[in-house]
Amino acid sequence: VVMLLVVAPWTIRNAGVAHGFVPVSTNASSTLWAGHNPRADGGAVYQPPAELAALSRLSEAESAAKQRRQAIDWATSHPLRELELIPLKLKSLVRGDSVLISTWINAAGQRPLGTTEAAAASRIADVASYGLIALLLAGVAFRARALWRIPATRAMLAFVATAVPLYGFVYYGNVRYRIPLEPLMLLVVAAVVTWGAHPGRSPAPV
């Protein structure tokens, strides 16, 4: 109820600005299109300038609706390619965090990190991100029941697990979609590590 009360004014504002029913934003439509189109490869795919120009002549709500229709039509008419894209999307989702060095830090026209520093930061980022994923999977594999008995870790695991179908099928895989999940992954791993330090007890509530 609180969430609806907070979002409602924004939705009302969108009705006038976007000229249609837009609960929060129209970004989900372009994200959906990126995961289901003839050039989809599991990662971020953008529409060519001519298509973007055509969409810009529509209202924001109409543009979003058109992209949704295109994505759904393509997905339903290419079921085999949709299956092929699932592992590609998941692979893109679990890419190492080193990709963020070149896309967010040393972005086009900016080089705050020199070659040596960027290489070192990239290695550390990859080791940290892949290590976290490995520890999470190991923790779930060996302590799933104990973790599931704790309400907090159960909620975190359910939230993280939602990302698998969401970014492995509905949308597309991207490191930046995994970054917000990493604090939850760290807490789950911390619960397992705490249990490891005291083998006679179940993972501590977090």
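**Close-up 1. Helix α7 gives the largest pocket the largest share of its lining, six residues.** The model shown is predicted. Three helices, α5 (79-93), α7 (115-149) and α8 (151-170), each contribute at least two residues to this lining.

**Close-up 2. The centre of the largest pocket.** The space in this pocket comes to about 400 Å³. Its lining numbers 17 residues. Nearest the centre lie Leu136, Leu137, Val160, Ala161 and Val164.

**Close-up 3. Residue classes around the largest pocket.** The lining holds 16 nonpolar residues and one charged residue. Polar residues are absent from the lining of the largest pocket.

**Close-up 4. The second largest pocket has a volume of about 230 Å³.** Its lining is made up of 15 residues. Closest to the centre of the second largest pocket are Ser30, Val45, Tyr46, Gln47 and Gln67.

**Close-up 5. Helices around the second largest pocket.** At least two lining residues come from each of α2 (27-35), α3 (49-56) and α4 (60-77). Helix α2 provides the largest share, five residues.

**Close-up 6. Residue classes around the second largest pocket.** Seven lining residues are nonpolar and seven are polar. One charged residue completes the lining of the second largest pocket.

Key:
Residues numbered from 1 in each chain as written. Predicted model: local features only at pLDDT ≥ 70, side-chain atom pairs only at ≥ 80, totals over all residues. Heavy atoms only, no water. 1 Å grid on protein atoms, 1.4 Å probe; cavity = no way out; pocket = protein on both sides within 12 Å on 5 of 7 lines; lining within 4 Å. Points joined across faces, edges and corners; volume = space filled by probe spheres on them. Helix = DSSP H or I, 4+ residues; strand = E, 2+ residues; numbered from the N terminus. Nonpolar A, V, L, I, M, F, W, Y, C, P; charged D, E, K, R; others polar.
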